[in-house]
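The following exercises concern confidence, burial and ring contacts in one protein model. Please work through each task before reading its solution.

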Amino acid sequence: MTKEYQTITEISGPLVFVETDEPVGYDEIVEIETSDGEIRRGQVLESASDYVAIQVFEGTEGIDREASVRFEDETMKMPVTEDLLGRVMDGTGQPIDGGPEIVPDERRDIVGAAINPYSREYPEEFIQTGVSAIDGMNTLVRGQKLPIFSASGLPHNDLALQIARQASVPEEEEGDDDEGSEFAVIFGAMGITAEEANEFMDDFERTGALERSVVFMNLADDPAVERTITPRLALTTAEYLAFDKGYHVLVILTDMTNYCEALREIGAAREEVPGRRGYPGYMYTDLAQLYERAGRIDGREGSVTQIPILTMPGDDDTHPIPDLTGYITEGQIYIDRDLNSQGVEPPINVLPSLSRLMDDGIGEGLTRADHADVKDQIFAAYAEGEDLRDLVNIVGREALSELDNKYLDFADRFEDEFVDQGFDTDRDIDETLELGWDLLSMLPKDALNRIDEDLIEEHYREDETAESAEDEAVEAEA
């Protein structure tokens, strides 16, 4: 039987403290009825023998000591069904797209269960995003968690939409005789502006990406507490589609910085002892509970892959949010401010970026036999070109050798042709690798010391620009 209390003792920020005469379960769902009849939902955040602290999803404005508090004797659950594909929900899982009411197959606890390490299947299958700087240089693998490190004012939202639009599992497109797994995108937005939300929805609807997506929208003017449950609703939906329905699910969460700010606000309201820069000391554990829900389960067809996006305050990657995220996840993709100022789209800096699972997800039978060698050689050549840019500012290009000048040209062309592809261009892995060979062919064969000789013989082509320059020189002498 549901018990009702009118014993609110304190209201602090998003929290309501209530005296109780019996134990209440942690994470239990609560209904609060204000004196004017409005119903608010909340969740038990702290439970003692004689009181509970409740975080209120819709905010505490209008709640006073006369309000009634009812404990529902169950934790928060997400109604899940395959029919969620194509739907748009708010940050608490309620439909906001004007569509029909959702009839769920079941209701699942949003906290989820950790994947048993023994049952985890090692991620080693390629996901194609259509973005060369990711597919070619920092490949995403099914079941991986690969965050995007961005900063204020950079186009991470455009990159997120591009990935949501273009991401696919290549072999599923080939139409094998046996039934393959379908691909779905779960998009969870936390603390975004109404303008950003409109951009997201316009793009989803314009490109048709919404048909295979489930969108959760928590806006900047929604209560901060709501931000703490939005990613959990998204991941619960992803787990259902992946492990019950066999989908390969890509979960894009933006912006994790807003999520962590909500944790800090709740921690301050609870008067917790703060950790680094005022964030809760348990933030590492909290983030790990979200990120570790990515993966594959042995014997199950589907997979959950995560791309969390976070904006680094002050462009500082030692800030607690990117720092802790980097410890938990398997790499990172860096959005670069200098490349963005040059007009490169997407402005991904491949040198500090990393995909720790890339080596297991590329190669013959997965992408192409030459992928790993091409990637290593491009990294080496681009890094050499970057170093020479600093030197040329001091001594000038005339003081450099012919090979050094080729490395400088390589770095320029790599950014202009390989990285800069625009937010509307979708390149498959073959296009990306062929473009890589075009660039590597600028360099002499003996400089390609990271590529197998057989691959060089098969793919290397003389640089047409250099050939035409030599021909012009010969003609001039004649």
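A residue counts as buried when its relative accessible area is under 20%, as exposed when that area is over 50%, and as partly exposed in between. The model is predicted.

**Exercise 1.** Determine where the predicted coordinates should not be read in detail.

*Solution.* Begin with the overall confidence: the mean pLDDT of the protein is 89, and 94% of its residues reach 70 or more. Next, locate the weak stretch: over residues 175-179 the pLDDT is below 50. Beyond near neighbours in sequence, this stretch has one contact in the model. Finally, apply the general rule: where pLDDT is low, predicted coordinates should not be read in detail.

**Exercise 2.** Describe the aromatic pair formed by phenylalanine 17 and tyrosine 51, and classify the burial of each partner.

*Solution.* The structure holds eight aromatic pairs. In the pair of phenylalanine 17 and tyrosine 51, the ring centres are 6.5 Å apart and the planes make an angle of 35°, a tilted arrangement. Phenylalanine 17 belongs to strand 3 and tyrosine 51 to strand 6 (residues 51-56), so the pair ties together parts that are 34 residues apart in sequence. With a relative accessible area of 12%, phenylalanine 17 is buried. Tyrosine 51, at 28%, is partly exposed.

**Exercise 3.** Carry out the corresponding analysis for phenylalanine 187 and phenylalanine 204.

*Solution.* The geometry comes first: the two rings are edge-to-face, 5.3 Å centre to centre, with 80° between the planes. Phenylalanine 187 lies in strand 15 (residues 183-192) and phenylalanine 204 in helix 4 (residues 194-207), so this pair connects parts that are 17 residues apart in sequence. The accessibility values then settle the burial: phenylalanine 187 has 0% and is buried. Phenylalanine 204 has a relative accessible area of 1%, which is under 20%, and therefore counts as buried.

**Exercise 4.** Place proline 23 in the fold and decide whether proline 23 is buried or exposed.

*Solution.* Proline 23 is found in the loop that runs between strand 3 (15-19) and strand 4 (28-33). Its relative accessible area is 72%, which is over 50%, so proline 23 is exposed. Proline 23 and tyrosine 51 are separated by 28 residues in sequence, while their C-alpha atoms are 8.5 Å apart.

**Exercise 5.** Identify which residues ring pairs link into a cluster, and state where the charged end of arginine 264 sits.

*Solution.* The cluster linked by ring pairs consists of Tyr382, Phe410, Phe414 and Phe418. As for arginine 264, its charged end sits over the ring of tyrosine 279, at 4.3 Å from the ring centre.

Notes. Residues numbered from 1 in each chain as written. Predicted model: local features only at pLDDT ≥ 70, side-chain atom pairs only at ≥ 80, totals over all residues. Heavy atoms only, no water. pLDDT = per-residue confidence, 0-100. Contact = heavy atoms within 4.5 Å. Helix = DSSP H or I, 4+ residues; strand = E, 2+ residues; numbered from the N terminus. Buried < 20%, exposed > 50% of the residue type's maximum accessible area, 1.4 Å probe, protein only. Phe/Tyr/Trp six-rings, centres within 6.5 Å; stacked < 30°, edge-to-face > 60°. Lys NZ or Arg CZ within 6 Å of the ring centre and 35° of its normal.
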